Amino acid sequence: MSSGKVNISWFRRFTMFWVHNLQQALGSLGELTRNPVASMMTIFVLGLSLTLPSTLYVVVKNSQAVTSGLNDAAEISLFLRKDLTASDVETFAQRMQLRTDVERVEVVAKDQGLREFRELSGFGSALDYLQENPLPDVVIVFPTAEFRSVERAQGLLAELSQAREVTSASLDLQWLERLQALIRLVEDALGALALLLCSAVILIVGNTIRLMILNRRDEIVVMKLVGATDGYIQRPFLYTGFWYGLIGGIVAWVATALLVWWIARAVAGVTVLYDSQFRLSGLNLQELMVLWGIAVGLGLLGSWIAVRRHVAAIEPR
Amino acid sequence: MIRFEQVSKTYPGGFQALKQVSFELNNGELAFLTGHSGAGKSTLLRLIALMERATIGRVVINGHDLRKVGRKQVPFLRRDIGMIFQDHRLLLEKTIFDNVALPLYIEGYTQGEARKRVQAALDKVGLAGKERHYPMMLSGGEQQRVGIARAIVNKPPLLLADEPTGNLDPKLSMEIMRLFESFNDVGVAVLIATHDLGLIARMKYRTLTLKQGQMINDGLAHEPQHEEGSVL
């Protein structure tokens, strides 16, 4: 047995470093399957914790899409006096149509309104008991593009509501503003919630990895005695965190998709009532990747915090 | 290979385990380290293996002054020291092959590349063919030899053994000692801590004797052995 040192070229060291990384990565994956229950619990905690913020994100994203759509189609509803005849309504609508600040006009006659209401509201049979149609004729005025901003549309609203035929007029902007404020509130809450849940994920992953490190204390001592660096010992644990994140991210995808699907059914019921073509859209590819990246990042961060603290602390005695 | 210059070690709490110990172990030399329990043998070995730091004095291993060795360099120094323990310190969930290959894995070998060296090491300690066994399937003497194979697999210039024959019968102990002799024959420096005085007497090597933290004898085995023996 000669006392020569092991001589390995720089290039081989480099390639072996990566080969070794791959081996350790696969080794950690194998380690997960050896402890399926504990691993699964951590992975699910990670995945499900991310599901809540990601689902809220989907909801916010969709409500933004809805409100931006509403913004564009600013419309003024003019409710007409009930004693007007059909031809009066027609004349009024034509007069509106001639205005330069109006793009087009839509007449919803009271009979038609009642019919739609009967079909869509579910009060069909109740309506049969009514002596007469309670709905007024409605003229919906769509302002031209330059009159769609909030102030201009409000000016137009004030002007139109002065018309002799009109009993009341409404520009559905106030509720829009309120909705937008509400969405902003949800967004802020979402940010805070996401931050909290992400911290929780880091702590949970960190704690799981900490327990793994302490469980393998004897092994770590032996490895240190035969000359393993902290980095070498840490790597399998970091890979464990990585796998937690990777698989947890997939769990988050599935759970988010399920939740969105669930919500979409409820939303579909609402949109039918509003006679809207709106479809709840889930996470797109880019957002899925971001979610995955966040999951992996949190897994790595949690395990990194754990190994930084605990691997260095274990010293052979 | 090993040089202690006026080394003292005081543990937190005030217990002084080593008092101004000086000695030198040359390249390719074999020596025993003996003394009663608590005389400071373990502390001395731990100073060499960088598990402890000297309070006062200088420890030089392989030309490295350990006072100047930072935390980050410790693993690389340990790779030059093959360590053998009384309780073997094997990884029980790993095969004999993986146990012996551990120092090579740490240096970046893949399993395939480690195979030749692992087999050579196991051959050397007489355990060829046991690669796929687990430590629990082997006897105490065999486990100790696995520990030795692991210590020599990356051909370190220095072997440290802490009570390597502590749990073995005299015949097995002698076999283990012969093994250390054979490593020494090819130029490896060996320091063996043991309180098996009979064994030391038969081997006729330099013996360092510690008593209450002080080096009271440094010479051939038989003289201090009689002295110690009469005390026993």
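1. What percentage of the 317 residues in chain A is made up of buried residues? In this predicted model, the buried residues come to 39% of chain A, where a residue is called buried if its relative accessible area is under 20%.

2. The secondary structure of chain A consists of 10 helices and 4 strands, and when the chain is read along its sequence these elements follow the pattern α-α-β-α-β-α-α-β-α-β-α-α-α-α. The radius of gyration of chain A is 32 Å, which is well over the 20 Å that the globule rule gives for 317 residues, so the chain is more spread out than a compact globule.

3. The outline and the domains of chain A can be read together with that result. The C-alpha atoms of chain A fill a box of roughly 115 × 45 × 30 Å along the principal axes. The chain is divided into domain 1, which is written in two segments as 21-68 + 180-313, and domain 2, which covers 75-170, and the C-alpha centres of these domains of chain A lie 51 Å apart.

4. A point worth following in the structure is the second largest pocket, which holds about 1400 Å³ of space. Its lining has contributions of two or more residues from α1 (10-34), α2 (36-72), α7 (174-215), α8 (217-225) and α9 (230-273) of chain A, and also from α3 (96-107) of chain B. The largest share, 8 residues, is given by α1(A).

5. Which residues of that lining lie nearest the centre of the second largest pocket? Of the 41 lining residues, they are Glu31(A), Arg34(A), Arg216(A) and Glu219(A), together with Lys94(B). By residue class, the lining of this pocket divides into 16 nonpolar, 14 polar and 11 charged residues.

6. Helix α4 of chain A, residues 110-121, offers a simple check of helix geometry: its 12 residues should span 16 Å at 1.5 Å a residue, and its end C-alpha atoms are indeed 16 Å apart, which agrees. After α4(A) comes Gly122(A), whose phi is positive, near 85°.

7. Helix α6 of chain B, residues 170-185, can be examined in the same manner, since its 16 residues reach 22 Å from the first C-alpha to the last, close to the 22 Å expected at 1.5 Å a residue. Buried residues in α6(B) include Met174(B), Ile176(B), Met177(B), Leu179(B), Phe180(B) and Phe183(B), and among them are also Ser173(B), Glu181(B), Ser182(B) and Asn184(B). The helix α6(B) is followed by Gly187(B), which has a positive phi, near 100°.

Technical notes
Residues numbered from 1 in each chain as written. Chains lettered and ligands numbered in written order. Predicted model: local features only at pLDDT ≥ 70, side-chain atom pairs only at ≥ 80, totals over all residues. Heavy atoms only, no water. 1 Å grid on protein atoms, 1.4 Å probe; cavity = no way out; pocket = protein on both sides within 12 Å on 5 of 7 lines; lining within 4 Å. Points joined across faces, edges and corners; volume = space filled by probe spheres on them. Nonpolar A, V, L, I, M, F, W, Y, C, P; charged D, E, K, R; others polar. Domains from an automatic or database assignment. Expected span 1.5 Å × (residues − 1). Buried < 20%, exposed > 50% of the residue type's maximum accessible area, 1.4 Å probe, protein only. Rg over C-alpha atoms; globule rule 2.2 N^0.38 Å.
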